[in-house]
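Me: Can you walk me through this model? I'd like to start with a residue close-up and then go on to the overall picture.

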Amino acid sequence: MSINVYQYNLIHATRNSDNNGKFEFNTPVNSYITLEFTKDYFTSKKILFDTRLAPTLKKVRPFNLKIIMLNYIKEVDSCELDFPLPRVEYNKEVQDFIFVEQYTERMLDKQNRILARMAEL
């Protein structure tokens with residue numbers, strides 16, 4: 001899998017995951033970072049990291065997440081997934097990065113509707 005790293009919608013870096021789908025990169029602070037996951041025959045997925053509120057930290061613990069790639073099916077319109085799913089931002093109260101729940105839930109609902117359309121085929 002290839003991972004494109006965008007900073008404010010400009011390509012910043014490209015990484016490849018290992019055979020288990022794992023990868024690592026350093027996140028610039030005070031920025032919007034979008035990760036785009038691409039793989040042949042699958043619909044691309046994006047994740048937004050908003051690091052604008054994050055203090056300058058020497059070390060940040062890893063942020064673990066699971067990406068489920070959807071098979072590309074020409075007959076199913078998956079353009080709603082052009083937007084990041086999910087959104088992650090720094091939370092000063094917990095002093096860590098967390099999912100923006102309302103946004104993420106709304107995008108998961110869109111993904112579930114696309115999965116339902118796929119199941120109908």
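**Ser2, then the chain**

Reply: This is a predicted model. Ser2 has a relative accessibility of 19%, and buried means under 20%, so Ser2 counts as buried.

Me: Where does Ser2 sit, in terms of secondary structure?

Reply: Ser2 is part of strand S1.

Me: And what does Ser2 touch, leaving out residues up to four places away in sequence?

Reply: Ser2 is in contact with Thr14, Arg15 and Asn16, and also with Glu36, Phe37 and Thr38.

Me: OK, zooming out. How many helices and strands in the chain?

Reply: There are eight strands and one helix. In sequence order the pattern is β-β-β-β-β-β-β-β-α, with the helix after the strands.

Me: What about contacts at long sequence separation?

Reply: Take the contacts between residues at least 6 apart in sequence: 54% of them join residues at least 24 apart.

Me: Now the core. Which residues touch the most other members of the largest nonpolar core?

Reply: Val5, Ile33, Leu35, Phe37 and Phe49 do, in a core of 14 residues. Strands S1 (2-7), S3 (32-38), S5 (45-50) and S7 (87-91) each give two or more residues to this core. S3 has the largest share, with three residues.

Me: Pick Val5. What is it in contact with, beyond four places in sequence?

Reply: Val5 contacts Leu10, Ile11, His12 and Ala13, then Phe25, and also Ile33, Thr34 and Leu35. Apart from the largest core there is another one, of five residues, including Leu70, Leu81, Ile114 and Met118.

Me: Why would nonpolar side chains gather like that?

Reply: In soluble globular proteins, nonpolar side chains tend to be buried together.

Me: How much of the chain is buried?

Reply: Buried residues account for 33% of the 121 residues.

Me: And the accessible surface?

Reply: About 8600 Å² for the chain, with 49% of that belonging to carbon and sulfur atoms.

Me: Switching to size. What is the radius of gyration, and what would a compact globule have?

Reply: The chain has 15 Å; a compact globule of 121 residues would have a value near 14 Å, so the two agree. The C-alpha trace spans about 50 × 30 × 25 Å along its principal axes.

Me: Last one, charges. How many positive and negative, and how far apart are their mean positions?

Reply: The chain has 17 positive and 16 negative charges, and their mean positions are 5 Å apart.

Methods: Residues numbered from 1 in each chain as written. Predicted model: local features only at pLDDT ≥ 70, side-chain atom pairs only at ≥ 80, totals over all residues. Heavy atoms only, no water. Helix = DSSP H or I, 4+ residues; strand = E, 2+ residues; numbered from the N terminus. Rg over C-alpha atoms; globule rule 2.2 N^0.38 Å. Buried < 20%, exposed > 50% of the residue type's maximum accessible area, 1.4 Å probe, protein only. Contact = heavy atoms within 4.5 Å. Areas by Shrake-Rupley, 256 points an atom, 1.4 Å probe, with all protein chains shown as cover. Lys, Arg positive; Asp, Glu negative; His and termini not counted. Charge placed at Lys NZ, Arg CZ, Asp CG, Glu CD. Core = buried A, V, L, I, M, F, W, Y, C linked by side-chain atoms within 4.5 Å.
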